[in-house]
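Work through these exercises with the structure open beside you. Try each task before reading its solution.

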Amino acid sequence: MRRNLKRIVYGAFFGLILVLPLLSRNEYVLFVMNKALLNIIVASGLVFLTGFAGQISLGQVGFVAIGAYTSGLVTTRLGMPIPIGIVAGIALSVIVGLVVAIPSFKLKAFFLSLVTIAFGQIIYLLLVNLTAVTGGSQGLFNIPPMKLSGTPFTNTLYYYLFLVLVALVILLMYRLKYSYIGRQMFAVNDDDVAAEACAINSRKTKVFAFGLSAGLAGLSGALTAHMVGFLTPDPFTFFDSANFVAMAVVGGLRQLSGGVVGGFALTWLPELLRLKISGFENYYLLVNSVIVLLVLVFLPSGLGASLSKGLSRLWGEKQGAVTLHNSKSKEGE
Amino acid sequence: MANILETKALTKRFGGIVANHGINLAIEQGKTTGLIGPNGSGKTTFINQISGIFPPTSGSILFRGEDISRKPACEIASMGIARTFQRIQLFNHLNVVENVLVSRCKFMSASALDVALGTAKVRHEEKDQFDKAVEFLGIVGLDGDAWKLPSSLPYGKRRALEIARALALEPSLLLLDEPAAGMTKEEFVQILGIMDILKERKVTMLLVEHTMEFIRRAVDWVYVLNFGEVIAQGPFEEVEKDKAVITAYLGDEE
Amino acid sequence: MVLSDLLQNIIGGVTVGATYGLIGLGVVFLWQSIQRINFANISSAMLAAYLFYTFYAQLHLGFLVSFVVSIAIIAAYGLALRYLVLEPINRHGGDKLEFVVATLMLCIFWLSVVKVIYGGIAKPFPPVFGEATSFVQIGSISIPSVYFWIFFVVLVLVFALHMLLQRTMIGKMFRATAQNKEMASLVGINVDMTTSLAFMLATSIVGIAGILLAPIYFVSLDLGGGPIGIKGFAAAVMGGLVDPLGTIAGGITIGLVENFSTLFISSAYKDVISFVVLVVVLIWKPRGIFNWTTKGD
């Protein structure tokens, strides 16, 4: 195993990430990166839910909205400090996630997808129509930004904050994946009847996955609310949910890096297209969907999987297991 | 010797079809009990009720004296009844040792929080369970294949893996649903070997089988089902001479 | 509340609901055939409506020609879906989820294409089925004449489909293949061709439904998007994903629920009500409410 090569590549990669704001003073670039990091959080939650536990969610944006609006309302109407708002946003997302998941656990894939679509749509319609609470189509304004000793966060500061959060999320997923909890998920994903025969409570497993992914989506929403300062129902439609699923699938459903790769790629792709093909706002959606389609058709395991395979080959590592560290294979072989 | 499992008047109806009717069956601890019968006689329905896949329409299932007829499958498995499936149902995205490790999840006491924090407790437990899983693979002769994917294994080894996975649950009762089905001659010998090891370890088993050779060598007591009812029971040598049994199997050569 | 209002709502709900049922049929056919859910099928409704609009209103090709050509193109679309999307995904190791997402992306793709070519504003449906504002009076009830045409076409179509499935060779092939592919091929049925036919039939039916719904929803992006799609799925689910008649019945139920919630509650929440109904059905009776085929799993 070419350990040194691996160290160099990873080192360079992380180094680049860390110094990015210094290299590119472009505020727009930083802003898009921040959006990407927040999307990575949601997409990673989806990878966990759909890729690991095998549960489809086509309404994930509903949880993002719950997190966002809750935090927005708590900090504006109730005047609470931002951390409380964020915690409230996450908590409510998790609770709603559990409420959706608990009765749905026995539904097979297609039916579950319908329930989640319905859920997402219901949330959207509530956002638009409960004007007294959510401000309707006008939305919520004057949501307080995060502040450091009195001054609002700059894009750079948000960048580092989000970077830390993404790192924590990935670390959490890493630990869960390479443990008995990860094994339970993958087992339920592959064959939930057989999993039950191995004393695994598939309901608890699915509900746990739903709750966790909902919480992550809520976290992302809450952070968005404070970074952007206002909220409207616009970014919480069905197609935005579909977009998050696309991120997870394009990134690689069974990969830890799936959320990262997919979130990054599908946040930047439309932006780059929008820049290159200026003036035709409609075109970029078109090209975006075509590119995603192509990836799906030719690389259904996702870009992250191909990346992972390529890298493993680069440093001569054998890929042995989904939930076990490769180092153990030396004993087994 | 005590009966580890008993069914009393076990009946299962699907719409208009009576798959199991009034079955009284007892499984003695430490022994291997066989369940045979022509196709469609209700053997798999019987096992499915015991393992909790669906509840009986009427009657009861007593496991160590406790009624488990309405309990869900994962609870029954947790209480100590493990099974294999007629069509091998392995976790295809997990490798061989991971498949076995799935059964070992039950023995993990570390909580989700432990896992999230990556505590020493979790690391120790994971290592212990990994070693245990390899042991179980050793019992069925798969320890050299630990890192392979199930899809790359020959049929006989996949069946062995399913048995290892069920064994890893450390069950008091092991239900085997047609383990010898579709085996080549060599695979048949291998699986008989596994049965011998299991019997040596005094694993209590309920064996549903079609292959009479297998039943003959493996079981201590056998029940014969036909059209959902028990038509005969006893040691195999007696049962195979029973008139009702022969009639039931007429045209159903093995 | 006046009886005539009630009756009008019922008639409206039944008619529109029956078309939702047609969309549901598209879902059911594909499900029976490939056990996958195809979101891109919904686009057939929108595409058919826009194609028809182009041929009839813009190119002035006459009703019959426009209709037939539109549906023919949509049928070809169905075939393309199979060979350009499903097969490659299967070949490269993708499974249900990848297919679902791919069809979702395709759905979005079509919405973008239509938006680019035709602009985002809805176009009025050409007065094929009588003037948009013409009514038929029955006693004190006035029903838009469009509804009659829609209902008539749906009736004919459902009847034709029923005959096709129950009485013809092709229909028997469909049903046999849906039940058990291996058996079917053993008996000599060309499973491959049957699958292709299923795809084409699925998109064609939805396409016709799209043209029928266009007078009410206008030739718009709505036809290819969420609200209609969901209702189609809901109809399919209520029929247990198995029973064509149940699917139509499910669609009619949804149409009625929609209309009555608009009448009694508010039109803003009409979609919410439909979704809530869908969720309740799914959780409570996932095998379908109107599953009239008595076959078990």
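**Exercise 1. A hairpin in chain B**

Which residue in S2(B) does Lys12(B) stand opposite? Then describe how the two strands are joined.

Solution. The model is a predicted one.
- Step 1. Find the pair. Lys12(B) stands opposite Asn20(B) in S2(B).
- Step 2. Find a second pair. Thr7(B) faces Leu25(B), also in S2(B).
- Step 3. Name the pairing. Strand S1 (residues 3–14) and strand S2 (residues 17–28) of chain B are antiparallel, with eight bridges.
- Step 4. Look at the turn. S1(B) and S2(B) make a hairpin with two residues between them. Gly15(B) sits in that turn and has a positive phi of about 60°.

**Exercise 2. The four-stranded sheet**

Place the hairpin strands in their sheet, and find its edges.

Solution.
- Step 1. Read off the order. The open sheet of four strands in chain B runs S2-S1-S4-S5, and its pairing is antiparallel.
- Step 2. Go to the ends. S2 and strand S5 (66–67) of chain B are the edge strands. Each has a single partner strand, so one side of each has no neighbour in the sheet.
- Step 3. Add the helix. H1(B) lies across S1, S2 and strand S4 (58–63) of chain B. Its direction makes about 65° with S2(B).

**Exercise 3. The six-stranded sheet**

Give the strand order of the other sheet described here for chain B, and follow one of its pairs.

Solution.
- Step 1. Write the order. This open sheet of six strands in chain B goes S6-S7-S8-S3-S9-S10, with mixed pairing.
- Step 2. Mark the edges. Strand S6 (81–83) and strand S10 (229–234) of chain B each have a single partner strand, so one side of each is left without a neighbour in the sheet.
- Step 3. Note the twist. Neighbouring strands are turned by 20° against each other on average, direction ignored.
- Step 4. Follow a pair. Strand S7 (residues 173–177) and strand S8 (residues 205–208) of chain B pair in the parallel sense, over four bridges. Leu174(B) stands opposite Met205(B) in S8(B).
- Step 5. Return to the helix. Helix H1 (residues 43–50) of chain B lies across strand S3 (32–36), S6, S7, S8 and strand S9 (221–226) of chain B. H1(B) runs at about 150° to S7(B).

**Exercise 4. Two domains of chain B**

Describe how chain B is divided and where the parts touch.

Solution.
- Step 1. Set the bounds. Domain 1 of chain B covers 1–80 + 172–254, and domain 2 covers 89–170.
- Step 2. Place the centres. The C-alpha centres of the two domains of chain B lie 26 Å apart.
- Step 3. Count the contact. Eleven residues of domain 1 of chain B touch ten residues of domain 2 of chain B.
- Step 4. Find the suppliers on the domain 1 side. Helix H2 (73–79) and helix H7 (185–200) of chain B each give at least two residues. H7(B) has the largest share, with five residues.
- Step 5. Sort that side by class. It has seven nonpolar, three polar and one charged residue.

**Exercise 5. Two helix pairs**

Are H2(A) and H10(A) roughly parallel or antiparallel? Compare your answer with the pair H2(C) and H4(C).

Solution.
- Step 1. Take the angle in chain A. Helix H2 (residues 27–52) and helix H10 (residues 202–228) of chain A cross at roughly 170°, and their axes come within 8 Å.
- Step 2. Conclude. H2(A) and H10(A) are therefore roughly antiparallel.
- Step 3. Sort the contact. It holds 15 nonpolar, six polar and no charged residues.
- Step 4. Turn to chain C. Helix H2 (residues 40–58) and helix H4 (residues 96–118) of chain C pack at about 20°, with axes 8 Å apart. That angle makes H2(C) roughly parallel to H4(C).
- Step 5. Add the hand. H2(C) passes H4(C) in a left-handed crossing.
- Step 6. Name residues. Among those that meet are Met46(C) and Tyr50(C) in H2(C), and Leu106(C) and Trp110(C) in H4(C). The contact has ten nonpolar, two polar and no charged residues.

**Exercise 6. Chain C against chain A**

Which helix of chain C gives the most residues to the side that touches chain A?

Solution.
- Step 1. Count. 37 residues of chain C are in contact with 36 residues of chain A.
- Step 2. List suppliers. Helix H3 (63–91), H4, helix H9 (226–238) and helix H11 (270–284) of chain C each supply at least two residues.
- Step 3. Pick the leader. H4(C) gives the most, with 15 residues.
- Step 4. Sort by class. The chain C side has 28 nonpolar, five polar and four charged residues.

Definitions and conventions: Residues are numbered from 1 along each chain as its sequence is written. Chains are lettered from A and ligands numbered from 1 in the order in which they are written. This is a predicted model: local features need pLDDT of at least 70, side-chain atom pairs count only at pLDDT 80 or more; totals for chains, interfaces and linings use all residues. Axes are lines fitted to C-alpha atoms, for helices over the stretch in contact, and angles run from 0 to 180 degrees between N-to-C directions. Angles under 35 degrees count as roughly parallel, over 145 as roughly antiparallel, 65 to 115 as roughly perpendicular and the rest as oblique. A crossing is left-handed if the near helix is turned anticlockwise from the far one by less than a right angle, and right-handed if clockwise. Two residues are in contact if their C-beta atoms, placed from the backbone, lie within 7 Å. Ala, Val, Leu, Ile, Met, Phe, Trp, Tyr, Cys and Pro count as nonpolar, Asp, Glu, Lys and Arg as charged, and the others, Gly among them, as polar. Domain bounds come from an automatic or database domain assignment. Two strands pair if DSSP finds at least two bridges between them.
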